[in-house]
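I opened a new page for this structure today. My plan is to look things up piece by piece and jot down what I find.

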Amino acid sequence: FDFKIWCIAAITLCVYSCAKPTPQASLEERSLIPTPVSVQALEGTFQITSNTQFYIQDTLQKTTVEFMDKLVTATGFNLKVNALPSSEPSEGVVIKLSDQVSQKEGYALKVSADKLVLQASTPAGIYRGLQTVVQLLPSAIVANEESPIDWLIPAVEITDYPLYEYRAAMLDVARHFFSVDDVKKYIDYIAAYKMNNLHIHLTDDQGWRIEIKSWPELTGIGASTQVGGGEGGFYTQEQYTEIVQYAAQRYINIVPEIDMPGHTNSALASYPELNCDGKATEPYTGIEVGFSTLCIDKDITYEFIDDVIRELAALTPGEYIHIGGDESHSTEPEDFIFFMEKAQQIAKDHGKKAIGWDEISNAELLDETLVQFWAKDENAKAAVKQGNKLIVSKAAKAYMDMKYDTLTPIGLNWAGLINVETGYDWDPASLVEGIDRDDIYGVEAPLWGETLTSMRDVEYLMFPRILGYAEIGWSQDSLRNWDTYKERLAKQHHRFELMDINYYQSKEIDWD
Ligand code: TNX
């Protein structure tokens with residue numbers, strides 16, 4: 001009799017467990033971009049079900065809310081978030097701060113069959129780690145709707161931290177204006193790949209895009225045009241603050257740029273007194289550069305930039321304000337130097353450090369000024385010689401507005417064509433002789449907007465190259481390799497499609 005019961009029990013057990021094995025996922029089915037410092041595959045698979053318990057440290061509720069929302073939307077599960085108990089639970093998802101991770105944005109992730117533990121020493125590190133968790137989940141996690149699939153995460157142990165402190169993209173909202181919602185979308189895109197700064201090019205010849213209360217015509221007149229003659233637009237100070245806050249929730253800092261003394265026609269058209277001849281210029285809707293300059297000899301010029309930087313600094317929590325300095329072909333060289341030295345000091349007076357395009361290293365740099373290397377090796381070297389650090393954005397490698405190939409319908413080609421491989425396969429620390437990793441603060445991929453009239457256009461030039469720039473900034477150079485990157489990138493297109501991203505389907509990639 002006992003034997004019979006034992007048999008029945010054994011058979012029942014077997015029927016249940018053999019007929020319904022826990023589904024498995026393997027790490028090969030997923031792809032991580034940027035590639036982490038260390039990834040160790042483990043046995044087993046973690047499954048998120050409607051019963052999975054989430055234990056999240058109190059102070060991390062805000063950091064994890066976007067992730068939890070995504071998870072609830074995609075799984076359709078009514079997931080529960082619990083406080084983190086003092087003795088760590090033996091199963092479920094645990095997200096907590098811990099001093100076991102030392103790097104500021106680093107994180108440690110351990111996934112086993114029963115448990116997922118994500119830890120970091122800062123909320124930013126947790127946020128970066130969550131982007132890895134999203135990539136370890138099935139692609140359907142990024143969809144804005146429920147999918148009835150098994151939510152599997154392959155068991156793995158990951159330690160990770162960034163190579164460069166500053167990893168950024170730039171959006172030019174001056175040549176064509178982009179709305180607050182568009183900018184938020186752009187922020188979401190770069191946040192997914194662990195970038196931590198968004199540089200917004202707020203002013204140029206064709207448009208002034210930020211409200212400055214002490215100089216209202218900047219937006220009254222200066223904002224009313226764009227390339228091709230459209231109606232332009234600008235952000236009110238409240239809207240700018242909304243962008244800053246949206247970015248901050250994703251641990252992204254905003255670097256606002258007021259480009260000067262060139263690229264200033266929109267200001268010169270708004271206020272006659274800023275012109276040396278006292279006459280306002282006409283609004284400009286073409287795409288030439290180098291024809292405009294603030295009047296270097298007038299006191300009012302410095303009152304103007306003092307007001308602009310004061311108001312902008314008050315709205316900007318980050319350490320940096322970008323003061324431009326590129327292509328000032330209508331400014332005398334000595335005037336340019338005089339002006340850029342003053343502009344750095346004005347930024348400093350308002351508690352900010354300056355960033356300037358590489359021409360700025362012709363001037364005497366303040367110790368904390370960063371130089372954005374886009375054009376000339378000599379300028380980059382001159383900056384390093386002065387002891388200043390670089391943001392590397394070399395146009396021929398990192399300009400997302402360059403066409404991929406001759407058939408690309410939008411974009412420019414003055415710095416050459418940048419296909420996916422060219423955009424990925426370079427090292428910022430070996431571009432210029434004598435410039436090493438220690439001279440480099442970070443990497444930025446600018447997207448200039450002369451030819452971009454919609455978010456579809458933005459997406460087309462951004463995807464997939466942005467993933468490569470994110471990896472260049474984050475991943476150890478010794479772990480980067482075009483052949484393996486290409487395979488990882490090939491797996492990402494399902495996500496682009498689920499998000500309705502208008503990506504460039506490069507023939508260089510065997511899209512899975
Ligand atoms: C050069 S890059 C510029 C921009 C243009 C861009 C187009 C830089 C600092 N200046 O004014 O928009 O080329 O690629």
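Entry one, the contact between the domains. This is a predicted model, and I began where its two parts meet: 15 residues of domain 1 are in contact with 20 residues of domain 2. I then looked up what kind of residues domain 1 puts there, and on the side that touches domain 2 I found nine nonpolar, four polar and two charged ones. For the bounds, I noted that domain 1 covers 21-160 and domain 2 covers 166-498. Their C-alpha centres are 34 Å apart.

Entry two, the sheet. In what order do the strands of the open sheet lie? I read off β1-β7-β5-β6-β4-β2-β3, seven strands with mixed pairing. At the edges I found β1 (38-48) and β3 (80-82), each of which pairs on one side only. I also looked up the twist: neighbouring strands of this sheet are turned by 20 degrees against each other on average, with direction ignored.

Entry three, around β6. I took β4 (residues 92-97) and β6 (residues 115-120) as a pair, and they run parallel, joined by six bridges. Going residue by residue, I saw Val93 opposite Leu116 in β6, and Leu97 opposite Ala120 in β6. Then I turned to β5 (residues 107-111), which pairs with β6 in the antiparallel sense over four bridges. Here Lys110 has Val117 in β6 as its bridge partner. How many residues does the hairpin from β5 to β6 pass through? I got three.

Entry four, a helix on the sheet. I followed helix α2 (residues 61-75) and found that it lies across β1, β2 (53-56), β3, β4 and β7 (151-160). Its direction makes an angle of about 165 degrees with β2.

Entry five, the cores. Which residues have the most contacts inside the largest nonpolar core? My list reads Ala169, Leu171, Ile190, Leu198, Leu390 and Ile466, in a core of 107 residues. I picked Ile190 for a closer look and left aside its neighbours within four places in sequence. That gave me contacts with Ala169, Met195, Leu198, Ile252 and Ile466. Another core lies apart from this one, and it has 32 residues, including Ile95, Leu116, Ile141 and Trp151. I had already met Leu116 in entry three, where it stands opposite Val93.

Note on methods. Residues are numbered from 1 along each chain as its sequence is written. This is a predicted model: local features need pLDDT of at least 70, side-chain atom pairs count only at pLDDT 80 or more; totals for chains, interfaces and linings use all residues. Domain bounds come from an automatic or database domain assignment. Two residues are in contact if their C-beta atoms, placed from the backbone, lie within 7 Å. Ala, Val, Leu, Ile, Met, Phe, Trp, Tyr, Cys and Pro count as nonpolar, Asp, Glu, Lys and Arg as charged, and the others, Gly among them, as polar. Two strands pair if DSSP finds at least two bridges between them. Axes are lines fitted to C-alpha atoms, for helices over the stretch in contact, and angles run from 0 to 180 degrees between N-to-C directions. A nonpolar core is a set of buried Ala, Val, Leu, Ile, Met, Phe, Trp, Tyr and Cys residues joined through C-beta atoms within 7 Å. A residue is buried if 20 or more other C-beta atoms lie within 10 Å of its own, exposed if 12 or fewer, and partly exposed in between; C-beta atoms are placed from the backbone.
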